[in-house]
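Dear colleague,

I am passing on a structure that I would like you to look through at your own pace. Please keep it open beside this message while you read.

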Amino acid sequence: MSDSKLAGQFFDAAIGLLTRVRDEEAESIAAAGAAVADTVESGGRLFAFGAGHSSLAAQDVVYRAGGLALMNLLTVPGVVGVDVMPAPLGSALERVDGLASAVLDSSPLTAGDLLVIVSLSGRNALPVEMAQNARALGLKVIGVTSVAYAENTRSRHASGGFLRDHCDIVLDSKIAIGDAELTVPGVEAPFAPASTVVTSAIMQSVLAAAVEQLVARGVEPPMLRSGNVDGGHEWNGRVMTENRDRIFYRH
């Protein structure tokens, strides 16, 4: 069987995007890593949020082998993934005004904490209000989004603003509007989205930068090990016990 031309094109597209992000967002990624390190060092808590498929990148840094134990997932029922039925309900909930306020009011987030908000388009009410309200509460907010949407689409929030307008630090994923890298004759719709690959890489790069910062400051970051290696469960149990007041996925 010969190699797939389209499969190779997708890899090329993804690698190209990753290279662009590495080169063009290096300063912002370093700043985000420093912000995470500041929060860890000062005793704050770390949270990540994403809706729909953007949630995949947020989930990838929570309770993760090789990950920072202090990262928690901020969940909004019905929008975290495609498990809600019918699936389009999750997309509809992203556009509901006031939902973010209710979520934050019932969450453990408080001043001095840090929240990473992942939203590819950054145009819906939920991520915009999440960023607005989190900053009003005294949180540091990092937004991971595609700036192309803010420059070429209309906001769905009453303010007319996008996620990028309400963040302390913005990380641009460079994903084109529509999130599809390939086209081919005979297929009407473009296909092969790369946002999950790129956004997950951004999230991991930020945590790598944070680890680098903490080590330089003489602070050992609380990292998790794989439970599938000898001693992994014991290691993780100790780390989570030592940091139990900053970890919420155990409760």
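Among contacts in the protein between residues at least 6 apart in sequence, what percentage join residues at least 24 apart? The share is 76%. Please bear in mind throughout that this is a predicted model.

To begin with the overall build, the protein has 9 helices and 5 strands, and, when they are followed from the N terminus, these elements run α-α-β-α-β-α-α-β-α-β-α-β-α-α. The radius of gyration is 19 Å, close to the 18 Å that the globule rule gives for 251 residues, so the protein is as compact as a globular protein of that length. Taken along the principal axes, the box that its C-alpha atoms fill is roughly 55 × 50 × 40 Å.

Turning to the surface, 45% of the 251 residues count as buried, while the protein exposes about 12300 Å², of which carbon and sulfur atoms supply 53%. As for charge, there are 19 positive and 28 negative charges, and their mean positions lie 2 Å apart.

One residue that you could look at individually is Lys140, which is found in strand β4, a strand that covers residues 140-145. Lys140 has a relative accessible area of 37%, so it counts as partly exposed, a class that lies between buried, under 20%, and exposed, over 50%. Leaving aside residues up to four places away in sequence, Lys140 touches Ala35, Asp113, Leu114, Leu115 and Asp168. Between Lys140 and His53, which are 87 residues apart in sequence, the C-alpha to C-alpha distance is 23 Å.

With best wishes

Methods. Residues are numbered from 1 along each chain as its sequence is written. This is a predicted model: local features need pLDDT of at least 70, side-chain atom pairs count only at pLDDT 80 or more; totals for chains, interfaces and linings use all residues. Side-chain values use heavy atoms; hydrogens and water are left out. Helices (H or I, at least four residues) and strands (E, at least two) are DSSP runs, numbered from the N terminus. The radius of gyration is taken over C-alpha atoms; the globule rule is 2.2 Å times the number of residues to the power 0.38. Buried means under 20% relative accessible area, exposed over 50%, partly exposed in between (1.4 Å probe, protein chains only). Contact means heavy atoms within 4.5 Å. Accessible areas come from the Shrake-Rupley method with a 1.4 Å probe; for residues, only the protein chains shown count as cover. Lys and Arg count as positive and Asp and Glu as negative; His and the chain ends are not counted. The place of a charge is taken as NZ of Lys, CZ of Arg, CG of Asp or CD of Glu.
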